[in-house]
Amino acid sequence: MLTALTSQGKQVVLTRQTSLDSLREWRKTETFHCPQCKEQVLLKVGDIIIPHFAHHQQTNCRDSFSEGESPTHLLGKIQLYELFSQLQLQTEMEPYLPDIQQRPDLLVTWQNQQVPIEFQCSTIPIALILERNAGYHSINMQPIWILLTPPKIQDSSACVLTHRFSQFQQHFIRPIHSSTKETLTILLTYNPQKQQFHYVSHFIHLRGTSFAICHSVMRIKHQTIPFAIPAAPSTTDIEGLTRHYQSARRKYLRSVIGYNQRGIHHRFLRACYEMRVQPIQLPAWIGVPTFRQEAFSESDCEWQLLLVAAIRQTRRTPFQLDRSLIRTFVKTFEGDSTLQLEACEHYMDFLREQRIDIYRLDIFIGRDFTLEVLSGRFLAMHARN
Ligand SMILES: [Zn+2]
């Protein structure tokens with residue numbers, strides 16, 4: 001921890017303002033105490049470690065207090081504390097909130113609102129995050145979680161990339177609502193070593209935990225309150241997202257043949273077989289990143305082809321569809337049915353708008369819809385933001 005009380009009860013916050021030597025001198029004459037349990041704590045100062053306070057080994061305080069924080073976590077907390085202080089905001093380091101018995105990393109006051117800031121470096125159970133959020137919400141606080149930048153993103157200079165996000169990381173993807181149906185999704189991450197924020201945004205789901213994403217960097221000294229929001233993707237960014245999407249689509253269609261060896265249980269392959277189409281020859285209107293597609297963990301090719309197959313079985317067209325069919329259809333997938341229902345509706349809209357004949361899989365349509373669909377999604381969103 002970075003805060004303690006002196007013997008006089010004065011609060012100390014360790015930032016980079018104080019030199020290591022003066023801290024070493026200070027601890028000879030002063031005793032420090034844990035703000036929560038009031039036990040005496042050690043001021044640890046070394047040439048490599050970041051100065052911090054620590055309880056003696058025998059303590060009952062550990063449960064409610066984060067001991068053994070990583071240097072990265074300590075460093076990030078100090079830098080964020082300095083950022084908010086420089087922005088002239090009232091900022092508290094590790095304050096104890098007695099009503100909910102929680103201690104956020106930072107508590108920042110802006111526009112008369114107290115906002116807990118959590119800089120999360122390690123993976124902890126999602127249930128714990130939900131619990132902490134519920135605590136904050138119960139006292140009308142809206143916390144902001146900042147994740148430690150994942151190494152592959154930290155090292156990448158690319159504006160568009162493909163990346164896998166764990167369930168834990170995905171939990172922190174935050175929608176920023178706009179007036180349009182499309183929402184801007186962002187994951188706010190911070191890298192203390194380089195002292196910069198890495199924004200991950202405009203998530204396009206590929207398959208499983210893989211996403212094509214836009215990536216942008218902001219030095220901490222340029223950060224503002226409220227936090228800056230990434231700019232609209234440029235035409236080049238949208239072309240980049242399109243390339244990543246198409247490449248993942250092709251890769252999937254090529255690899256799926258391999259499932260054949262494990263029998264025909266794969267329902268995507270069976271549907272291809274029944275419709276007499278080779279996966280790799282799937283028309284371009286199957287496997288399109290229409291709105292809400294991330295509701296399915298499967299590749300867009302897969303759920304969209306299966307949906308088309310389900311409609312064909314009823315001998316109807318997208319124009320004559322009744323919703324009960326889609327409702328039954330989404331029940332065969334894992335995930336949030338309500339969002340999947342929405343995804344299907346948007347895909348149906350697309351088929352209707354393009355006047356696609358779903359009974360003709362053999363008609364070659366030279367044009368690729370990905371760029372068109374993504375441009376439509378993102379340009380509309382930012383235009384009205
Ligand atoms: Zn304590």
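**Exercise 1. Aromatic pairs.** Determine how many aromatic pairs the chain holds, and classify the pair F168 and F172 and the pair Y190 and F197.

*Solution.* The count comes to 18 aromatic pairs, where rings of Phe, Tyr and Trp (its six-membered ring) pair if their centres lie within 6.5 Å, and planes under 30 degrees apart count as stacked, over 60 as edge-to-face and the rest as tilted. Take F168 and F172 to begin with: their centres are 5.1 Å apart and their planes make an angle of 70°, so the pair is edge-to-face. For Y190 and F197 the centres are 4.8 Å apart with 50° between the planes, and the pair is therefore tilted.

The model is predicted, so local features need pLDDT of at least 70 and side-chain atom pairs count only at pLDDT 80 or more, while totals for chains, interfaces and linings use all residues. Residues are numbered from 1 along each chain as its sequence is written, and side-chain values use heavy atoms, with hydrogens and water left out.

**Exercise 2. Burial of the rings, and a contrasting loop residue.** State whether F168, F172, Y190, F197 and P125 are buried or exposed.

*Solution.* The cut-offs come before the residues: buried means under 20% relative accessible area, exposed over 50%, and partly exposed in between (1.4 Å probe, protein chains only). F168 and F172 are both buried. Y190 is buried because its relative accessible area is 0%, and F197 likewise counts as buried because its relative accessibility is 0%. P125, by contrast, lies in the loop between β8 (113–120) and α3 (126–138), and it counts as exposed because its relative accessibility is 54%. As to its surroundings, P125 is 41 residues from S166 in sequence, and the two C-alpha atoms are 12 Å apart in space.

**Exercise 3. A cluster and a charge.** Identify the residues that form one aromatic cluster with F333, and find which charged end sits over the ring of F333.

*Solution.* The cluster consists of F296, W303, F329, F333, Y347, F350 and F369. The charged end of R267 sits over the ring of F333, 4.4 Å from its centre; the criterion is that NZ of Lys or CZ of Arg is within 6 Å of the ring centre and within 35 degrees of the ring normal.

**Exercise 4. The open sheet.** Give the strand order of the open sheet of 5 strands, name its edges, and describe how β4 and β5 pair.

*Solution.* Helices (H or I, at least four residues) and strands (E, at least two) are DSSP runs numbered from the N terminus, and two strands pair if DSSP finds at least two bridges between them. The order is β2-β1-β3-β4-β5, with antiparallel pairing. The edge strands are β2 (11–13) and β5 (52–55), since each pairs on one side only. Strand β4 (residues 40–44) pairs with β5 in the antiparallel sense over 4 bridges; K44 stands opposite H52, and V41 stands opposite H55. In a regular strand the side chains alternate between the two faces of the sheet. In β5, H52 and A54 point one way and F53 and H55 the other way, and all are buried. Finally, helix α1 (residues 20–29) lies across β1 (3–6), β2, β3 (32–33) and β4, running at about 155° to β4; the angle, on a scale from 0 to 180 degrees, is taken between N-to-C directions of axes fitted to C-alpha atoms, for helices over the stretch in contact, with contact meaning heavy atoms within 4.5 Å.
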